[in-house]
Amino acid sequence: MLKPKASSHLISRHFTKALAKSQRHAQQTLTDKLLSLLKQCTSTKSLQQIHTQMIINAIHKPNFLLHRFIDLKDFNNASLLFSQIPYPNEYAFNIMIRGLTTTWQKFNLTIEFYYQMKDFGIRPNNFTYPFVFIACANLLVLNHGQCAHSGVLKSGLCLDGHVRHSLITMYSRCGELGCARRVFDEISEKDLVSWNSMISGYSRMGYAGDAVGLFGEMRDAGFEPDEMTLVSILGACGDLGDLGLGSWIEGFVVENEMDLNSFVGSALIGMYGKCGDLSSARRVFDRMAKKDVVTWNAMITGYAQNGVSDEAIILFSGMRESGVNPDKITLVGVLSACASIGALDFGKWLDTYASERGLQNDIYVSTALIDMYAKCGSLDDALRVFEDMPQKNEVSWNAMISALAFHGRPQESLSLFKRMSKEGGAVRPNDISFIGVLSACVHAGLVDEGRQLFDLMSSSFGLVPKIEHHSCMVDLLARAGHVHEAWDFIEKMPEKPDEVVLGALLGACQKRRNVDVSERVMHLLLEMEPLNSGNYIISSKIFANMKRWDDSARMRVLMRQRGVTKTPGCSWIEIENQVHEFHAGDVLHFISQDMCQVINLLNEEMKVEGYGPKVDFL
């Protein structure tokens, strides 16, 4: 008996199903293989090749690709891929926002993507807001941060730990420490990250006392500090000059066998440096097995800020010999050291070094160069650096204004001040600008201009004159011979005069031989600075000039009775990139004979030019 033949239609349908199943299986196998390769990808080139295969084989897995492009820090391809996703989902937005914030630090784009996400109707969540708040903190855009905070409250995410900690950081960085503290206080169950966020906020924003106080509360609550806590508190100790707590922290690190890494080690060095304990700073520095650029910078800056400039320069050379490349912070520290001791040749070498490494246009390096050149007497070089700066901040303008003032070019200083007021844009004259320009008036004896500028501070710029501005005005009036007016000015000051103001007036009284005002000034100065030899010497000289010999001798006797000695004069000279230090009467230096010959030659040339020594102030 013959079997009936199968219908051709049934055979065709069966074959089609089998083929489709086979194709799906092959497609799935290819997809799995490409995704597996994707995870192993270590270069943009291989990632692009996989992307190409996905396009050819119609495999749509944009989120997987996007994640890998971000991991490989490829901003261009990540941005391009995201723009080609017709309807990006929550995951795509979140990983892009995270990458923009942490990988590329393009904080403006983070904010832009956040609003774009909302425009797409996608609700930001606890993976979105922490990065948005970090971006707001870095951009100091409080209004956007507050809007995002409102979104957090509406979404019921205010109990999420990551969201709250980033909120504390955002409010702290934006200067709203009251809001940051409210968020902190509302956390019912605080963890170590909560405490660290608030302590760091206080420390970074200059509220060192509050940071230390909260640290005590944290320990009372039973929490032990970690690296993050210690670094924040060490910064606060440095600002407060609290050597006791800073030393305790070092003991805590040793006792708990914590790793003395760059993070903690540099903070310890910085704290000791700010407290003036350079031997302890150097001890920590020498104990560190691995020293990165941050560690070297901390020690160099410590030396420079404490006036141990030669050590800062020597350490800089040691840093380069050890193979660590200096950065802009290193250069700022070493340039400050050069400025302190007048090491012009080495400063010029640093200028060339910065240019070769593309650091000369950094606003902080350029400003440090201006300061170094000005203090080393090379004003033309300072002006060159200033004019070449693509961007200038308040510090840059102030450095140049002050340099011109102190180099006896008051009109140029005043002109630059006016230029700053007109061309500065967002940069406006501040307290320091007025100190510089008032100093220019002092050097040129421009009494009327000085009075006008002093009035402009409050009337046009909303600034409250500080003790330094009053000091400039007293100096200006006194030098111009208005000694009684200067004293009246001191009496009308909103604050008690300091030794700088009184010292300026006493010097003017000596020049003008005014005993009436000088006796009043002397009485205040000797109360404020009983160990300052200059006050006794100038007072003695004033009495001697008026032939009041008994009073003159009394000041010298009083000086001896109080054990006050005159500080010897100190000078530096640079020879072949090496700085030598000399004190008055120093005859032991190995090249002192050569130096004396040069000084004698200079003295002879000065006499020929008509200059004579001034002994009135000795």
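1. A good place to start is tyrosine 353, which is buried, with a relative accessible area of 3%. Please keep in mind that this is a predicted model. Its ring partner, tryptophan 349, counts as partly exposed because its relative accessibility is 34%, and the cut-off for buried is under 20%.

2. How are these two rings arranged? The centres of tryptophan 349 and tyrosine 353 lie 5.2 Å apart and the planes meet at 25°, so the pair is stacked. Both residues belong to helix α20 (residues 344–356), where they are 4 residues apart and therefore separated by about one helical turn.

3. Looking at aromatics across the whole model, you will find 21 aromatic pairs. There is also an aromatic cluster worth a glance, made up of Phe82, Phe93, Phe113 and Phe120.

4. On to the nonpolar side. The largest nonpolar core has 178 residues, and those touching the most other members are Leu66, Met96, Met170, Met372, Met400 and Leu505. Helix α21 (residues 363–375) contributes the most to this core, giving 8 residues.

5. Methionine 400 deserves its own point. Leaving aside residues up to four places away in sequence, methionine 400 touches Ile370, Leu379, Ala382, Leu383, Phe386 and Leu416. Phe386 turns up again in a charge-over-ring arrangement: the charged end of lysine 392 sits over the ring of phenylalanine 386, at 5.0 Å from its centre.

6. Finally, which ring lies under lysine 291? That is phenylalanine 285: lysine 291 lies over its face, 5.1 Å from the ring centre.

Key:
Residues are numbered from 1 along each chain as its sequence is written. This is a predicted model: local features need pLDDT of at least 70, side-chain atom pairs count only at pLDDT 80 or more; totals for chains, interfaces and linings use all residues. Side-chain values use heavy atoms; hydrogens and water are left out. A nonpolar core is a set of buried Ala, Val, Leu, Ile, Met, Phe, Trp, Tyr and Cys residues joined through side-chain atoms within 4.5 Å. Buried means under 20% relative accessible area, exposed over 50%, partly exposed in between (1.4 Å probe, protein chains only). Helices (H or I, at least four residues) and strands (E, at least two) are DSSP runs, numbered from the N terminus. Contact means heavy atoms within 4.5 Å. Rings of Phe, Tyr and Trp (its six-membered ring) pair if their centres lie within 6.5 Å; planes under 30 degrees apart count as stacked, over 60 as edge-to-face and the rest as tilted. A charge sits over a ring if NZ of Lys or CZ of Arg is within 6 Å of the ring centre and within 35 degrees of the ring normal.
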